[in-house]
Amino acid sequence: MVKIETQIDNQVALLLINGEIDASSSIQLDESLAAQLGNDMRLIMINCTGLDYISSAGLGVFMSYIEEFKGSGQQFVLFALSEKIRNVFDMLGLDQLMNIVPTKEEAIKFLDEE
């Protein structure tokens, strides 16, 4: 089960993920990301501090939005992944396709990279 909260502040959307993203809860992740696509947000930051587990379905949701966010001109960045979750992204090469940083402060810097 996952809980995803969205906070909006000055063209920045912050999604806070708490719990596990599996096949059934990946739908909620998909809906949360879709809600940010094409709106006037310049940066979408995903706080993964509370992300305990992610299945291939959850990874697939993130992968499906990589090109869409690039095409919309929006920056998309994940931060604060646990070592276990980060290793999953790294093993699959997703760290080469997605913006993944350790801290919120580093994620905010993506605003300057437009």
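**Exercise 1.** In which sense do strand E2 and E3 pair, and over how many bridges?

*Solution.* A word on the model first: it is predicted, so local features need pLDDT of at least 70 and side-chain atom pairs pLDDT 80 or more, while totals for chains, interfaces and linings use all residues. Residues are numbered from 1 along each chain as its sequence is written, and side-chain values use heavy atoms, without hydrogens and water.

Step 1: find the strands, which are DSSP runs of E with at least two residues, while helices are runs of H or I with at least four, numbered from the N terminus. E2 covers residues 12-21 and E3 residues 43-54.

Step 2: check the pairing, which requires at least two DSSP bridges. E2 and E3 have nine, in the parallel sense; Leu 14 stands opposite Met 45 in E3.

Step 3: follow the chain from E2 through helix H1 (residues 26-36) to E3. This β-α-β crossover is right-handed (with the strands pointing away from the viewer, the path from the first strand over the helix to the second runs clockwise).

**Exercise 2.** Work out what lies on the way from E3 to E4, and why E3 is largely enclosed.

*Solution.* Step 1: E3 also pairs with strand E4 (residues 75-79), parallel over five bridges. Here Leu 43 has Gln 75 in E4 as its bridge partner.

Step 2: helix H2 (residues 56-72) joins E3 and E4 in a right-handed β-α-β unit.

Step 3: nine of the 12 residues of E3 are buried, so the rest of the structure largely encloses this strand. Buried means under 20% relative accessible area, exposed over 50%, partly exposed in between (1.4 Å probe, protein chains only).
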